[in-house]
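Hi everyone, thanks for making the time. I'd like to walk you through one structure this morning, so let me put it on the screen.

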Amino acid sequence: VQLVQSGGGVVQAGGSLRLSCVASGRAYDSLAMAWFRQAPGKKREFVAGMSWSAPRIYYADAVKGRFSMSRDVAKDTVYLQMDSVEPEDAAVYYCASGLGVWRREEEYNDWGQGTQVTVSS
């Protein structure tokens, strides 16, 4: 599956931003999608994840209540709505595709190109 991301950019602290990820060529091994992020000098970390078929969404504690992941099955697109953005949210954000929703990046087969989110204060 090919993942193409859009969105991202500069956002003021407390503001909102939405990321999109289109999954082209989904097959049997693309049952779930997730968002990860990687800040400079840090490991890539899980942000949110969901399967294409089930409504339950999983969030990292750091973003729970502020970020919202959603999907549009007809468009093969997942979104990450980022609200009440904090300086600590600045990172490169990646979408990923895999067999299930896991918090470890090793469980995902395909990755988007990444998009930078910069938070200004």
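I'll go through a sheet, then a disulfide, then a second set of paired strands. One thing before we start: this is a predicted model, so please listen with that in mind.

Let's begin with the sheet. Four strands make it up, in the order E1-E3-E8-E7, and the sheet is open, with antiparallel pairing. Which strands stand at the edges? They are E1, covering 2-7, and E7, covering 67-72. Each of these has a single partner strand, so one side of each is left without a neighbour in the sheet. If you like angles, neighbouring strands here are turned by 20° against each other on average, ignoring direction.

Now zoom in on the pair E3 and E8. Strand E3 spans residues 17-24, strand E8 spans residues 77-82, and 6 bridges hold this antiparallel pair together. Please keep an eye on Cys21, whose bridge partner in E8 is Val78.

Cys21 takes us to the next topic. How many disulfides does a search of the whole structure find? The count is 1. The disulfide connects Cys21 with Cys95, with an S to S distance of 2.1 Å. Its two ends come from distant parts of the chain: Cys21 sits in strand E3 and Cys95 in strand E9, residues 91-98, and the two are 74 residues apart. For those of you who think in torsions, the one about the S-S bond of Cys21 and Cys95 is about 60°, so this disulfide is right-handed.

Are these cysteines buried or exposed? Cys21 is buried, at a relative accessible area of 0%. Cys95 is buried as well, also with 0%.

Since Cys95 lies in strand E9, let's follow that strand to its partner. E9 runs antiparallel to E4, and 7 bridges join them. One example is Ala32, which has Gly98 in E9 as its bridge partner.

E4 itself covers residues 32-38 and is mostly covered, with 6 of its 7 residues buried. E4 is also joined to strand E5, residues 45-51, by 6 bridges, and that pair runs antiparallel too. Within the pair, Phe36 stands opposite Phe46 in E5. The hairpin formed by E4 and E5 has 6 residues between the strands, and there Gly41 adopts a positive phi near 80°.

As a reminder while you rotate the view, side chains in a regular strand alternate between the two faces of the sheet.

That's my tour. Thanks for listening, and I'm happy to take questions!

How values were computed:
Residues numbered from 1 in each chain as written. Predicted model: local features only at pLDDT ≥ 70, side-chain atom pairs only at ≥ 80, totals over all residues. Heavy atoms only, no water. Pairing = 2+ DSSP bridges. Axes fitted to C-alpha atoms, helices over the stretch in contact; angles between N-to-C directions. Disulfide = S-S within 2.5 Å. Buried < 20%, exposed > 50% of the residue type's maximum accessible area, 1.4 Å probe, protein only.
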